[in-house]
Amino acid sequence: METYDGAPEPGGAPALSDAPLPTAEEANPEHAAKDRPAEDQTVTEAAADEPVVEQPVKLLPVAELHLHIEGTLEPELIFALAERNGIELPYADLDELRARYEFTDLQSFLDLYYANMAVLQTEQDFADMTRAYLERAAAAGVRHAEIMMDPQAHVSRGIPLETCVNGVASVLANSLAEFGVSTLLIAAFLRDLSEESALGVLEQLLAMNAPIAGIGLDSAEVGNPPAKFERLFARAKEAGLHRIAHAGEEGPPSYIIDALELLDVERIDHGIRCMEDPDLVEHLVAERVPLTVCPLSNVRLRAVDTLAEHPLPAMLAAGLNVSVNSDDPAYFGGYVDDNFVQLQTVLGLSEFDRVRLASNSIRSSFADDERKTELLAELGYS
Ligand SMILES: [Zn+2]
C-alpha cells in the first residue's frame, strides 16, 4: 500500500520554530566522524544559555538527485590534492579557506567553486573526490545518487574530457558493491557559456561513449534563460538521454516554464520560485513534475534569508513533488542527512513529510523499476 503518497498532511504546513539555525556539528556532533553507521542518530541542539534538547532522527533511505560532484570537494581534500599535484593554493591554511565560505549570492559561490577545481588534475583526483562523496553519502542514508559533473569547467582549463569522465565513472561503476549506492552520471552544462560550447562537449561525450544517463544545466542562472539551450536539449533527447535543468533558484518562475516547454526537461533542479506563480504551481502539481530542492544551499546563497523562511513546508502543503538534496555539500554546510536534521530542528518537519520526501526522491529518480521497488520497500512500501 502506498500509505504516504497523496494529500498533504491534515493541518497543512508544520509550525515554524524561532530556534537559531544550528551548524551541522551543533545539530549532529557525530558528523565529525566519517565512519558513523547509517542508522538512527541522535540530534543535539545546543545553545550556550539553553538546556540541550535531544531529538531522535531516523535516517531514511533516499535518492540524491541534485548533487554536483565538484561541490563535494572538502577543504581537507583540496589541500591534499594540491600537495599531491604541486599546486600552490591562494590560502595559507584550512581556516583561511573556510573563511571564504561566506557567500553573498550564487556568483560569489561560483567564483570559489571554480577556483578550487584547479586541484583536480588526474583521473585519480576525480576518483578520490567521487569515492569521498559516496562514502559520506552512504552514511547519510543515500541509496541511489544521480551525480552531475561539469565537464566544461575542466576542459576549459586544459584537462582532457576522458580524464574527468573516466575518473568519476570508474568509481561509479562499482558504487553499488562498494558503498551500497546505485549511481548515474549526468553531464551538466554551464549556462553562462555558449550553446556551441555545450554542443561541442556533448558531441565529444557521445563520440567517446561516455557512460552518461542524461544532461543538466547549471551555473549562473539570471540572464541565461532556458531558450539559449534549445538545440542542446533537442540533441540530448535525440541521443536518448534524460534531461534536467536548474530553474527558479535565482531566476524567475518563467524560467521553470521555459525549461519544461522549450527544453522538455523531466525534472527541475531547485524550482523554489515557482511559489510566486499559482498557475505554475497548479501545473507542476498536476503533472507531478519533480523539484529537487536544496534547503541549506538556498540559505547559504541567500535565495532565502533563513531556513525558518524556506518555502519547503508550503511546497509540501501545495502537493508539489519535492525532494531534499545537498547540491554542493562541501560548500553549503552539509549533506542530505544534515539537511533533514536542520529541517526537522528548525521547521519541525514531521515524520510523515520526511517519508514523503524520501519516497518522492526515489520515485523521481531515473533508476530502473526494480531498483525503485527495492528502495521503496526499504522505506516501508510493499
Ligand atoms: Zn545545483
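Helix axes here are lines fitted to C-alpha atoms over the stretch in contact, and angles run from 0 to 180 degrees between N-to-C directions. With that in hand: this is a predicted model, where local features need pLDDT of at least 70, side-chain atom pairs count only at pLDDT 80 or more, and totals for chains, interfaces and linings use all residues. Residues are numbered from 1 along each chain as its sequence is written. Helices (H or I, at least four residues) and strands (E, at least two) are DSSP runs, numbered from the N terminus.

**The α17/α18 pair**
- Helix α17 (residues 351-363) packs against helix α18 (residues 369-379) at about 170 degrees, and their axes sit 10 Å apart.
- That makes the two helices roughly antiparallel, a label for angles over 145 degrees (under 35 counts as roughly parallel, 65 to 115 as roughly perpendicular, the rest as oblique).
- On the α17 side, the contact uses Val355, Ala358, Ser359, Ile362 and Arg363, while α18 brings Lys372, Leu375, Leu376 and Leu379; contact means C-beta atoms, placed from the backbone, within 7 Å.
- Sorted by class, that contact has 6 nonpolar, 1 polar and 2 charged residues. Here Ala, Val, Leu, Ile, Met, Phe, Trp, Tyr, Cys and Pro count as nonpolar, Asp, Glu, Lys and Arg as charged, and the others, Gly among them, as polar.

**The sheet as a whole**
- There's an open sheet of 8 strands with parallel pairing, in the order β3-β4-β5-β6-β7-β8-β9-β10; strands pair if DSSP finds at least two bridges between them.
- β3 (62-68) and β10 (321-324) are at the edges with a single partner strand each, so each has one side without a neighbour in the sheet.
- On average, neighbouring strands are turned by 25 degrees against each other, direction ignored.
- Out at the β10 edge, strand β9 (residues 290-293) runs parallel to β10 and is joined to it by 4 bridges. Thr292 stands opposite Ser323 in β10.

**Strand β5**
- β5 (residues 182-190) pairs with strand β4 (residues 142-149) in the parallel sense over 6 bridges, and Leu184 in β5 is the bridge partner of Glu146.
- 9 of the 9 residues in β5 are buried, meaning that 20 or more other C-beta atoms lie within 10 Å of a residue's own (12 or fewer is exposed, in between is partly exposed; C-beta atoms are placed from the backbone).
- Ser182, Leu184, Ile186, Ala188 and Leu190 point one way, with Thr183, Leu185, Ala187 and Phe189 pointing the other.

**Strand β6 and its crossovers**
- β6 (residues 214-218) has 5 of its 5 residues buried too: Gly214, Gly216 and Asp218 on one side, Ile215 and Leu217 on the other.
- β5 and β6 pair in parallel over 5 bridges. Ala188 has Gly216 as its bridge partner in β6, and Ile186 stands opposite Gly214.
- From β5 the chain crosses through helix α9 (residues 195-207) to β6 in a right-handed β-α-β crossover; right-handed means that, with the strands pointing away from the viewer, the path from the first strand over the helix to the second runs clockwise.
- β6 runs parallel to strand β7 (residues 242-247), joined by 2 bridges, and His242 in β7 is the bridge partner of Gly214.
- The crossover from β6 through helix α10 (residues 230-238) to β7 is right-handed.

Technical notes: Two residues are in contact if their C-beta atoms, placed from the backbone, lie within 7 Å.
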